[in-house]
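Here is my note on the model you sent. The points are numbered so that you can reply to each in turn.

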Amino acid sequence: MTEHNVINILNEALGWELRASNMYAHYAANIRGIHRLQLSPMFAEEATESNMHADVVRKAIVKLGGIPVTERNSHPIIHTTLYDEMLVHSLETETKAAAVYAKIMTQIEDVGDQDLYDAIEQIYLAEVRSLEELRLLME
């Protein structure tokens, strides 16, 4: 895979991170009821984590000679105040983001940048941990 192709996939991941940051900040502000006590801080933390991931990916794109996207992924962010719907939408987002990072990891080895691979692997593992946490919350 060429660096150009890796840049395109990294930009796809960046778009998902920008979307996730917006969605989680929205959910942190809009959650209602008793679940607000636990889920608002969790959503706020997820928004912060998405911003950190976006920063890593953005720098990787620039390192490879690309231009990072500035627009979030166009998949709609669904407004709700119901915690169970927020969790479903969060699980969907994390699943899609994890799939993109898995794709990057299989392609990035051809570029030969071990530091970049390690950074993306750390993000992928964080996405997988978030998936597992969301699954447990939804039981």
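Which backbone oxygen does the side chain of Tyr-27 reach? Point 1 takes this up. Please keep in mind throughout that this is a predicted model.

1. **Tyr-27 and its partner.** The side chain of Tyr-27 reaches the backbone oxygen of Ile-78, at 2.7 Å. Tyr-27 sits in helix H1. Its relative accessibility is 0%, so Tyr-27 counts as buried. Leaving aside residues up to four places away in sequence, Tyr-27 touches Phe-43, Ile-78, Thr-80, Met-86, His-89 and Ser-90. Ile-78 thus appears both as a contact of Tyr-27 and as the owner of the oxygen that the Tyr-27 side chain reaches. For a sense of scale, take Asp-115: Tyr-27 and Asp-115 are 33 Å apart in space, C-alpha to C-alpha, and 88 residues apart in sequence.

2. **A histidine pair.** His-79 belongs to the loop between H2 and H3. With 48% relative accessibility, His-79 counts as partly exposed. Its side chain makes a polar contact of 2.8 Å with the side chain of His-26. In sequence, His-79 and His-26 are 53 residues apart; in space, their C-alpha atoms are 8.0 Å apart. His-79 also touches Asn-30, when residues up to four places away in sequence are not counted.

3. **Salt bridges, overall.** How many salt bridges does a search of the whole structure find? The search finds 5. Three of them are taken up in points 4 and 5.

4. **A bridge between helices.** Glu-12 and Lys-103 join their side chains in a salt bridge, at 3.3 Å from N to O. This pair links distant parts of the chain. Glu-12 is in helix H1, residues 3-30, while Lys-103 is in helix H3, residues 83-108. The two are 91 residues apart. Are these residues buried or partly exposed? Glu-12 has a relative accessible area of 32%, so Glu-12 is partly exposed. Lys-103 is partly exposed too, because its relative accessible area is 37%.

5. **Bridges within a helix.** Lys-59 and Asp-55 form a salt bridge through their side chains, 3.2 Å from N to O. Both lie in helix H2, residues 36-63; they are 4 residues apart, so about one helical turn separates them. Lys-59 counts as exposed, because its relative accessibility is 54%. Asp-55 has 32% and therefore counts as partly exposed. Helix H4 holds another such pair. Arg-135 and Glu-132 form a salt bridge, with the closest N and O atoms 3.8 Å apart. They are 3 residues apart in H4, residues 114-138, so about one helical turn lies between them. Arg-135 is partly exposed at 42% relative accessibility, and Glu-132 is partly exposed at 40%.

6. **Helix H2.** H2 runs over 28 residues. From first C-alpha to last, H2 reaches 40 Å, close to the 40 Å expected at 1.5 Å a residue. Just after H2 comes Gly-65, with a positive phi of about 90°. Within H2 lies Ser-40. Ser-40 has a relative accessible area of 14%, so Ser-40 is buried. Its contacts, not counting residues up to four places away in sequence, are Ala-28, Ile-31 and His-35.

7. **Helix H4.** Why does the length of H4 agree with expectation? At 1.5 Å a residue, its 25 residues should span 36 Å, and the end C-alpha atoms are 36 Å apart. At the start of H4, a side-chain oxygen of Asp-113 comes to within 3.2 Å of the backbone nitrogen of Asp-115. The buried residues of H4 include Leu-116, Tyr-117, Ile-120, Glu-127, Ser-130 and Leu-134. Which helices do the buried residues of H4 pack against? They pack against H1, H2 and H3.

8. **A surface patch.** Val-88, Leu-137 and Met-138 make up a nonpolar patch on the surface. Together they have about 220 Å² of accessible area. Val-88 is in helix H3. Its relative accessible area is 44%, so Val-88 is partly exposed.

Methods:
Residues are numbered from 1 along each chain as its sequence is written. This is a predicted model: local features need pLDDT of at least 70, side-chain atom pairs count only at pLDDT 80 or more; totals for chains, interfaces and linings use all residues. Side-chain values use heavy atoms; hydrogens and water are left out. Buried means under 20% relative accessible area, exposed over 50%, partly exposed in between (1.4 Å probe, protein chains only). Contact means heavy atoms within 4.5 Å. A polar contact is a pair of N or O atoms within 3.5 Å; within protein, one must be able to donate a hydrogen and the other to accept it, and residues adjacent in sequence count only if both atoms are side-chain atoms. The expected span of a helix is 1.5 Å times one less than its number of residues. Patches are made of residues with over 30% relative accessible area and no salt bridge: like charges are joined within 9 Å, nonpolar side chains (Val, Leu, Ile, Met, Phe, Trp, Tyr) within 5 Å. Accessible areas come from the Shrake-Rupley method with a 1.4 Å probe; for residues, only the protein chains shown count as cover.
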